[in-house]
Amino acid sequence: MRPIITLLLLSGFLQAGELTKPDWNWYGGWQINSDSARITHTPGTWPKLIYARSFKADTVYRLRFLYLAPEGGLFCRTGKYTAKLSPQKEFAPVDFYFKTDNQGKAELCCFTSGESPVHAEVKDISIEEFDGKANAVHLDFNRDPGPLPTSFYRHVRWERDGSDKLGTLTVVPADDHVDGGKAMRLKLLAQNPPKRINAVSLPVPVIPGRRYRVGGWFKADRDGKAQVIVDGGWEKGLEHWVSFNNFTVSPSWQHRSFEIEVPKEEKIAQLKSGVLTLSIGMFCENCSELDVKEITWSYIR
Amino acid sequence: MKFILYVLLSTGFICAAENPVRNSSFELDSANYGVVRFARKGGGYLKPEFDTTTSVHGKQSIRFTNPKADMIEFLSAEFKLEPGKAYTLSWYMKSDKPVRIRCGVLSGDITPQSDAWITELRWMKPEMEWKRYSFSFRAKKYGNYFTEFRWGNWGQIPNAATVWFDAVQINEGTEATPYAPRATIEAALTAPERVCVGDAQMPLKIVAVNYGDADTTLSLRIMQEEYLTRAKTAAGELQLELKAQSVVHRNLLLPKGRYGHFSLSGEVTGNGSNDTIFPIHYARVFQPRSGIPDLHRETVLGVESSYGETAENQSFILGGFRGLETDQEGYMRFFRNSGIKLLRSGNNGDAFSWNLIETAPGVFDWSGTDRLVELANRNELAIMIVLGNMFYVRDNYRTQKRDLTRLPSFVIQNARKIATKMPWDGILPPYEMWKRYAYAMASRYKGRIAAYELTNEPNICVPGKDYADYIKIAGKEIRRADPGAIVVGGGITSDFGGIAGEFLSALGESNALDFCDALSFHPYASRQENSVNPARESLLQLRRMLTKFKPEMPLWNSELYYLWGENSDNKQVEAGTRPYHLAQRFLLDIGEGIKQTMYLPDTALIMHELSPSWRQVANFVLTGLIPSPLYPAHSSLMHFFAGSTPVERINWIRGTTCYLFRDRDGQEIAAFWNNTKDKKFKFTLKGEKLCLYDIYGNSLAVKPGMLLTQEPYFLRGHNLRRVLTETSVTPEQIYSITGSRLSISEGKRMLGIGVYNHGNVPINLKLRPDFAKISQEITIKPQSENVVYYALSEECQQTKIIISDGKELQSWPVSINAVKFCRSHETTQVGNFFNFRPVMTEDALDLTIRVNDADRGPREKDSPWIGDTIELFFDTQPESRLDHPTYTRNVHRIFLSPASSNGLAATFQGTNGVNSTAVRWKITEDSEGYTATLSIPWSALGMSGPTQIGFDIAVDNADSLGSGKHTQKVWSGNEFNYKNRMRFGTLMPK
């Protein structure tokens, strides 16, 4: 066993299947089995499951796990980024990318929050170094049990009061795509639509000052327009970098991709975090549904 | 009523119930009318006159004098009626002596329910004073009608009466209303000549009439539309002062312009009303070359012509001339200006009919043929006559017994008749009569008739070995009389199911081809490159067949009526024939080394301008020498390619064709086009000082990414071979699904899906049928097909293939043909009728077939499927070319027949591609039926060993009791196995 662990450690793969101290710490009611952790949230508390060890400095890692959260209320923090995971009634996979600081530190934890009791469970956790130059990030929906995607969520302007009044973001079958599987669907329901609705991704890794390609398959209910936004992140007082890439869509699946020149971190400080987000938008003038598959974020040079 | 009529006329108001007949009062002379005169031999063309001494309405009536009793057809321009409504046709007429006139309206509308003509005709006898005639009818179909009056030679009784007409009207309702012209103001365009040669300007005449009581000013706007580009340009605008009750004429000259085909139409407004001007058409063509071509050396595009001499019963004037507003000299001049240099005559019409020439044994009346030969020579046209017309007698023409042969009666009486399955019997004239006639014709016209084609389409009339004798006789006599004449044998057709192979073999084996200078064929079964039987493959096959006997013999395509399509529906094919059909066929022929190409008939170069909606055979409504869009195409093809020789076919991607030639001056010239029905391509030429032309010969700017059209482009320049091989041709649709085929692999049912790469670089694709979960990735080489397999657990007849090139997804519906499977060493029962057991060894396929049929019936020797026969079908590459359901070179057939009740011995026949001599076979008969055994070496089928193979078996059955009933039982496919390989079953090794 030891040699394997050594090998795994050397390769940068941290199989944290064993949720034990001191690697992990927890409080607030988490029940730990050997490879999974379960919580029944009590309103007014903030139970946390924290990864306690440090990492290599200035390194990008991928945190991957399965989670179950039928009522929602489960959050994950990686570095400075906190994501509210979408409710899932079956175990759903999720990936998070984060970059450590120059001392190898990055906060990594799961917690629940909210004013209602919720149940959540996480398992099959793995943390590994991620070579963003050699490996593309694939955001696909084939393994999402649905109805909500795990890797995208509705933009705050869309979600408003959290209801589906404006529209829904779901995972639907994509039998008419050559790869079959599933797609993410942005669906407009409002009578007075806004200009567009957007779905935002979990963070993806980025090296500032380099070129990347973002692409995916798109299909709409009618001829219209959509967009892919690459967002460097907003912070008060700092310049906000966003790349808008608009394109036409039609009722047939079409692949669209764009080359993105990411600014240097000296120019856009937020990019020091080593991650940014992607956003898929549908212009509501003509379309009321946009299906999306196989979003890929890949390094060019 | 009169007052209202006056108000309507004077204000020029066109009311809803207007008379749709244009120029109904004939004040615009003969504008918007056509007059055809079937004249007797030697007769000219008499134009109608406008008689100002007598009229019913306006200042003149139209008068037809007819001293030689022509059959006259007088037709109006088309007008539209509302289907289902009742109308009344009325007109005024008179004559100077009693005459029967057939009067009425016709429509050539076709619907899916009926394709018969629509006629509303009545027989009338005009009196010596003006009288109004009328009758009512209900409009049908789409309501496109024209009026027709016909008289002069009904029942073959000449009638020389002079007839006048005036005030023709159609009104709604069942009663004739008072006559009113179409509108108070009418205008028309006329042009004395419709062909502009070279840089000549196009003279045009505008004629307008004001029927009203007030002077008016007319505004006319004339537009020109170009056929090829659909570009519309203003051709003229003018104002005309028109006094009340008067007519005005104005002449106009259209400037020199592009080559091609054009329509002129327009609008006239005046006094608050407006009307359209009925379109007229013209063509601009190249100056035709002078001199009669030497057909030994120079390739030209010819046409079948009867010189306008009437065919069959159309005119009831035997050997007469159909005058389309001109005499025969004018007729020939019209065709000469199209660039025609070769006329094929003696097939249709009365020209060069044996029965009109040899009126009694050894007695010749050359008057008709002298005139025609002189006419052709004077117009610098080479002539090929079809000697002997056709060796047939049409005894049972549909429901009537009519003898439509053009063979002399004394020939028929002494001839041997050959029964055929066609609606005619074949005729074999006595040898001496044939010999005499051939010598007489050739010696009379020595040096003046360039070629003699020895009858038309003999392979559907008479056996090949018999026809061979006639070639030898005529060939010898013609060479004796005129050594410079070209003897053309064959005339082999694939029309009416004619089969070339065996017929040609009979000619070759009998050495008849030694007496010919060329072999002619009619490629009806393979008209275009995208035909089910592709034209090019058919030519290559014909060349291969001929190579066995006479490898260097020139091939002449001496007849093609249907230049496109698969069926033989005259109406549909005619209406849809486009200039590019003609151009593609001619260029393909000369590109493949065919020495001469001819199409039929010459009237394809004429359009029925007055009845544009006519969908019946066009010949019936031609009224004048109006060039059709094919006319300037013929001119352009001759201008660029007459006398050219093929250099090579440049291999571009599938769906496109490119040939390189040397023109008659030795300069390089190329032609290329899109040979598909529906695919799109773009091309980019790479080279300098290139001159590109469209199909009509207009110069084009060379630009990148030009659309490759079905209309051929012509290209001049230097180093064209390099230019063309470096030309980039890109299909719009880079890939396509070709089809599917079921197979079995390791016991599992699989569906093979064919994908073809139309481009010229490899492509990576991903595909998945909708019944499968996982997609497969494939890389296909350029211009190649890959077959991808998926396990198919359930029966289904259709699936959808989702396919992606990484940028776009497409969804292709695919039909799945149910096929059967059998395995080596297994016995398969087909009903109670027969069973078979294949055994695949390393060396051969051994088959045992048991047929439970004790009743032996008659069999046709050359058609074994009509009789008791086992038919075997093999496809050695069943999973290739899945978009090609017809036979490929990998498809072979074997016929194995027991002895028949009509005395034919048991026989084995294999089609081309089967090494029949290597096959061992035996048939054993017993009281219950017969058993056939065969041992077919794999090499006899072009295979190296046992493998999965497309296979089918059909057993034909004929009864001895003479019921004529013939049945067939097929194991996997159906009755179309003879032309469709997609339903063959599959034979698998054990």
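**Loop geometry, sheets, helix packing and cavities of a predicted two-chain model**

B:Asn511 is placed in the loop between helix H8 (501-509) and strand S31 (518-522) of chain B, where helices (H or I, at least four residues) and strands (E, at least two) are DSSP runs numbered from the N terminus. The phi angle of B:Asn511 is near 65°, a positive value in a residue other than glycine. The model is predicted, and local features accordingly need pLDDT of at least 70 and side-chain atom pairs count only at pLDDT 80 or more, whereas totals for chains, interfaces and linings use all residues. Residues are numbered from 1 along each chain as its sequence is written, chains are lettered from A and ligands numbered from 1 in the order in which they are written, and side-chain values use heavy atoms, with hydrogens and water left out.

In chain A, two cis peptide bonds precede proline residues in loops. The bond from A:Lys21 to A:Pro22 is cis, with omega near 5°, and A:Pro22 belongs to the loop that lies between strand S1 (13-15) and strand S2 (24-27) of chain A. The bond from A:Gly146 to A:Pro147 is likewise cis, with omega near -5°, and A:Pro147 is found in the loop between strand S12 (137-139) and strand S13 (152-154) of chain A.

In chain B, strand S31 also takes part in a closed barrel of 8 strands, which runs S20-S22-S25-S29-S30-S31-S32-S33 with parallel pairing; two strands are taken to pair if DSSP finds at least two bridges between them. The twist in this barrel averages 25° from one strand to the next, angles running from 0 to 180 degrees between N-to-C directions and axes being lines fitted to C-alpha atoms, for helices over the stretch in contact. Strand S30 (residues 486-493) of chain B pairs with S31(B) in the parallel sense over 4 bridges, and B:Thr493 has B:His522 as its bridge partner in S31(B). Helix H6 (residues 431-444) of chain B lies across two strands, S25 (382-387) and S29 (451-454) of chain B, and runs at about 170° to S25(B).

Antiparallel pairing is found elsewhere in chain B. An open sheet is formed by 3 strands in the order S26-S28-S27 (chain B), with antiparallel pairing, and its edge strands, each of which pairs on one side only, are S26 (392-393) and S27 (416-418) of chain B. S26(B) is joined by 2 bridges to strand S28 (residues 425-428) of chain B, the two running antiparallel, and B:Val393 stands opposite B:Asp425 in S28(B). Strand S45 (residues 763-769) and strand S46 (residues 776-780) of chain B also run antiparallel and are joined by 5 bridges; S45(B) and S46(B) form a hairpin with 6 residues between them, in which B:Lys766 stands opposite B:Glu777 of S46(B).

Helix H9 (residues 535-547) and helix H11 (residues 579-591) of chain B pack at an angle of about 30°, with their axes 11 Å apart. H9(B) passes H11(B) in a right-handed crossing, that is, one in which the near helix is turned clockwise from the far one by less than a right angle, an anticlockwise turn being left-handed. Contact, meaning heavy atoms within 4.5 Å, is made by B:Ala535, B:Arg536 and B:Leu539 of H9(B) and by B:Arg585, B:Leu588 and B:Asp589 of H11(B). These contact residues divide into 3 nonpolar, no polar and 3 charged, where Ala, Val, Leu, Ile, Met, Phe, Trp, Tyr, Cys and Pro count as nonpolar, Asp, Glu, Lys and Arg as charged, and the others, Gly among them, as polar.

The structure holds 9 cavities of 30 Å³ or more, a cavity being a set of points, on a 1 Å grid over the protein atoms alone, where a 1.4 Å probe fits but cannot get out, with lining residues having an atom within 4 Å of a point. The largest cavity encloses about 110 Å³ of space, a volume being the space filled by probe spheres set on grid points that are joined across faces, edges and corners. Of the 13 residues lining the largest cavity, B:Lys41, B:Asp350, B:Leu356, B:Gly368 and B:Thr369 are the closest to its centre. Helix H3 (354-357) and helix H4 (367-378) of chain B each supply at least two residues of this lining, and H4(B) gives the most, with 3 residues. By class, the lining of the largest cavity has 5 nonpolar, 4 polar and 4 charged residues. The second largest cavity has a volume of about 80 Å³, and its lining divides into 3 nonpolar, 4 polar and 2 charged residues, among them B:Phe286, B:Arg289, B:Lys341 and B:His639.

Technical notes. On a 1 Å grid over the protein atoms alone, a cavity is a set of points where a 1.4 Å probe fits but cannot get out, and a pocket is an open set with protein on both sides within 12 Å along at least five of seven lines; lining residues have an atom within 4 Å of a point.
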